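Work through the following exercises with the model open beside the text. Each task is followed by a solution that goes step by step.

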Amino acid sequence: MIWTIIICAIACIGLIALVLTKPSLEWKGHRIGVYWLPAFAGGVLLLASGLLSPSELWVGLTASGEMNPLKILALFLSLTFLSVYLDELGFFRRMAFSMLRHARGSQMKLFLRLYLLVSVLTVFTSNDIVVLTFTPFICHFCKEEKISPVPYLVGEFVAANTWSMALVIGNPTNIYLSAVCSISFANYLSIMWLPTLLSGFTALGVLVLLFRKQLSSPLAPLEKALEKADKNLIGIGVVHLVGCILCLAVSSYIAVSMWLVSVCFAGSLAWSTLVYALTKKRVPSSGRLLGSSIRREPWELVPFVLSMFTLVLALQKYGVTTQISNLLSGGGDKAELFKYGITSFLSANLINNIPMSVLFGGVIESGVATSAKIYATIIGSNLGAYLTPVGALAGIMWTGLLRTHEVEFSFKKFIVYGVAVGVPALCSALIGLALVL
């Protein structure tokens, strides 16, 4: 047990060190994430030392049920493909420009409209996609308008990592943790709508108070023209994304796994694009669209999730997750709700929210898997992104994009804003969950 804990601890320390120093590398103009390497090395070491056998790992990876990590990755990557496809066509940027044109010279109106747009898109896509899409847009826009990007960047990041709680597809951590109790799309929404609403509006209120002075100055009218786009392909993409979400909502009633639904829609989108390309004789451009969408997938998530799953399997084997479960148990559902919510929120900033979710999934399975534990941990996994850049994959990508666009945003400033917004948002979300349950 001791060596397993030591290896897992070193892997987590290495993860934090890379996230804070060099989470990615540039190679031939492409940014490649390397933050997963310590976790991968830890998993390899566990297997090489015999602390976890290859057969035990294989049984875990191929287990039946929705918690199978391969199925979870298939679900997330296929959903990401649907969103990235639309982003490649400029769909989200067109929505942003259309909304910002109506801000009428007011920075406060611009901020509120941007928060609303990011919130809506996050609910139906994913927090990571929204962060990747809107962060460069905000940096460019604010540079051209000669205004501070900080209020808009913080507002975007907070909205993306709050409203991602609303649907099970909003964050890979939602998908993973829901699989622990086989929670359906519809059941998830029936519980999480109130915590998300309370947290989202609480966070917005705090943001307005924090940035009210900066947002009081006037704004020049937006005069940029919208870029041309293939409306037919956008239509194909929107139909597939909406259709996928609707089918996911009823998947539990027709006994079809969510990962299979999303994979089928991703495959259908690719096939429909090729058929359209052949009909319109646009094979090269459509091929580039599909190729670019595939390249932009967060592929580093695959070794990251599988490696962390390996570490957690080893911790489960030697009873570590059971001991953690015992520490957090007791006091009734309401007490456990706050225990799991707060500890998951803090733990996400020690080891990142994805490995935290994998670990807490094992902890919850080791005891009595109650709704209070599951949903409180989901809340912590989303809102944990507020506190430090280590807290979530979205934070790692966000800070990397800010460095690329030469926007100064220190680690200290991240924590200051994170505490100011995160603590009230977490409290309101957990109170909302207690009311629902």
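The exercises below deal with two helices and then with cysteines.

This is a predicted model, in which local features need pLDDT of at least 70 and side-chain atom pairs count only at pLDDT 80 or more, while totals for chains, interfaces and linings use all residues. Residues are numbered from 1 along each chain as its sequence is written, and side-chain values use heavy atoms, with hydrogens and water left out.

**Exercise 1.** Determine how many residues of helix α9 are buried, and which elements cover them.

Solution. Begin with the terms: helices (H or I, at least four residues) and strands (E, at least two) are DSSP runs, numbered from the N terminus, and buried means under 20% relative accessible area, exposed over 50%, and partly exposed in between, for a 1.4 Å probe and protein chains only. Helix α9 runs through residues 172–180, and 9 of its 9 residues are buried; among them are Pro172, Ile175, Tyr176 and Val180. Next, look for the cover, which includes α4 (69–88), α7 (127–145), α10 (185–211), α14 (301–317), α17 (353–366) and α18 (371–383). Finally, step past the end of the helix, where Ser182, just after α9, takes a positive phi of about 50°.

**Exercise 2.** Compare the span of α14 with its expected value, and then describe its burial.

Solution. The expected span of a helix is 1.5 Å times one less than its number of residues. For the 17 residues of α14 this should give 24 Å, and the end C-alpha atoms are 24 Å apart, so the two values agree. As to burial, 12 of the 17 residues of α14 are buried, including Leu301, Phe304, Met308, Phe309 and Leu315. Gly319, which follows α14, has a positive phi near 80°.

**Exercise 3.** Explain why Cys142 and Cys247 form no bond with their closest cysteines, and state whether each is buried or partly exposed.

Solution. A disulfide is a pair of cysteine sulfur atoms within 2.5 Å, and the structure holds 0 disulfides. The sulfur of Cys142 has its closest cysteine sulfur in Cys139, at 7.4 Å, which is too far for a bond; Cys142 is buried, with a relative accessible area of 2%. The sulfur of Cys247 lies 7.1 Å from the closest cysteine sulfur, that of Cys244, which is likewise too far for a bond, and Cys247 counts as partly exposed because its relative accessibility is 29%.

**Exercise 4.** Locate Cys264 and relate its position to that of Cys244.

Solution. Cys264 lies in helix α12, residues 258–280, and counts as partly exposed at 46% relative accessibility. Cys264 and Cys244 are 20 residues apart in sequence, and their C-alpha atoms are 8.8 Å apart in space.

Key
Contact means heavy atoms within 4.5 Å.
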